[in-house]
Amino acid sequence: MAATQEDVKLLGIVGSPFVCRVKIALKLKGVQYKFLEQNLRNKSELLLKSNPVHKKVPVFIHNEKPIAESLVIVEYIDETWKNNPILPSDPYQRTLARFWSKFIDDKIVGAVLKSVFTVDEKEREKNVEETYEALQFLENELKDKKFFGGEEFGLVDIAAVFIAFWIPIFQEIAGLQLFTSEKFPILYKWSQEFLNHPLVQEVLPPRDPLFTFFKARYESLSASK
């Protein structure tokens, strides 16, 4: 049984893929929590006190103990609430899951954002190529599995919500073909399975407001060329 009587808070913003990771983990575990929406232009005292190093969301507060960084938070949730495990029990498989989750943050998130929100054309092309290369590694890793976690989704799948939900928004805005069923058939099929999972659907942010927000940012950047 998941604990429901503890003091659990999540500081975040609705459109963040990193906050979404934590929401998926909490939903999977059946943990009740209070979501505290943050204004990143006027950061709250609670956010600054809870994450003085990075001053970013998400921040997870469990019984007044704050934890920052989405992948760290997801692991903490998995270790604290034992039902519906997110990481594999086998030490080697657990290590691989951590490796590929970090790979997504190190090799894909930044490259995608620079592919879309960079004015310099050469820099954009370089990051598009880096995105293709990194996605191909994940395509090869997934092979014939339903999810990275096997029959049920796990840490890598949760980390990769950025690929499944956010990349299609960004590429539509910028007119790019970063992630398509033609280029990455295995990974694309995985993304549809993951996004259509009932639990994931419950916590995904509404697409239209996100699209509008990022389109305005993209157009503002394009106008400044």
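Visitor: How far apart should the ends of helix 1 be at 1.5 Å a residue?

Guide: The expected span is 1.5 Å times one less than the number of residues. For the 13 residues of helix 1 that gives 18 Å, and the end C-alpha atoms are 19 Å apart, so the two agree. Helices and strands here are DSSP runs (H or I over at least four residues; E over at least two), numbered from the N terminus. The model is predicted, so local features need pLDDT of at least 70 and side-chain atom pairs 80 or more, while totals for chains, interfaces and linings use all residues. Residues are numbered from 1 along each chain as its sequence is written, and side-chain values use heavy atoms, without hydrogens or water.

Visitor: How many residues of helix 1 are buried?

Guide: Buried means under 20% relative accessible area, exposed over 50%, and partly exposed in between (1.4 Å probe, protein chains only). In helix 1, 11 of the 13 residues are buried, so the helix is largely enclosed by the rest of the structure. Among them are Pro17, Val19, Cys20 and Ile24, but also the charged-name entries Arg21, Lys23 and Lys29.

Visitor: Which strands does helix 1 lie across?

Guide: Helix 1, residues 17–29, lies across strand 1, strand 2 and strand 3, and runs at about 155° to strand 1. Such angles run from 0 to 180 degrees between N-to-C directions of axes fitted to C-alpha atoms, for helices over the stretch in contact. Helix 3 (70–80) lies across strand 3 and strand 4, at about 130° to strand 4.

Visitor: In what order do the strands of the sheet come?

Guide: Strands of a sheet pair through backbone hydrogen bonds, either parallel or antiparallel. Here four strands form an open sheet in the order 2-1-3-4, with mixed pairing. Strand 2 (34–37) and strand 4 are the edge strands, each pairing on one side only. From one strand to the next the twist averages 20°.

Visitor: Which strands run parallel and which antiparallel to strand 1?

Guide: Two strands count as paired if DSSP finds at least two bridges between them. Strand 1 and strand 2 run parallel, joined by four bridges; Leu11 has Leu36 as its bridge partner in strand 2. Strand 1 (residues 8–12) and strand 3 run antiparallel, also over four bridges. On that side Lys9 is the bridge partner of Ile61, and Leu10 stands opposite Phe60. Four of the five residues of strand 1 are buried, leaving the strand mostly covered.

Visitor: How many residues separate strand 3 and strand 4 in their hairpin?

Guide: Two residues lie between them, and Asn63 in the turn has a positive phi of about 50°. Strand 3 (59–62) and strand 4 (65–68) pair in the antiparallel sense over four bridges. His62 has Lys65 as its bridge partner in strand 4.

Visitor: Which residues does the record assign to each domain?

Guide: The unreviewed UniProt entry gives "domain: GST N-terminal" for residues 6–85 and "domain: GST C-terminal" for residues 90–218. Positions use the numbering here, names are shortened, and annotations may be inferred rather than shown by experiment. Residues 6–85 are 38% helix and 21% strand, with end C-alpha atoms 20 Å apart. Residues 90–218 are 74% helix and 0% strand, and their end C-alpha atoms lie 43 Å apart.

Visitor: What covers the buried residues of helix 4?

Guide: The cover includes helix 1, helix 3, helix 5 (121–142), helix 6 (155–159), helix 7 (161–174) and helix 10 (207–223). Among the buried residues of helix 4 are Ala97, Trp100, Phe103, Ile104, Ile108 and Val112. Helix 4 (91–116) has 26 residues and reaches 37 Å between its first and last C-alpha, close to the expected 38 Å. The helix bends by about 30° at Ile108, the bend being the angle between axes fitted to the seven residues ending there and the seven starting there.

Visitor: Is Leu204 buried or exposed?

Guide: Leu204 has a relative accessible area of 18% and is therefore buried. The residue is in the loop between helix 9 (198–203) and helix 10. Neighbours within four places in sequence aside, Leu204 is in contact (heavy atoms within 4.5 Å) with Cys20, Val161, Phe165 and Leu195.

Visitor: And is Glu182 buried or exposed?

Guide: Glu182 has 66% relative accessibility, so it counts as exposed. Glu182 lies in the loop between helix 7 and helix 8 (185–195). Its C-alpha is 42 Å from that of Ile61, 121 residues away along the chain.
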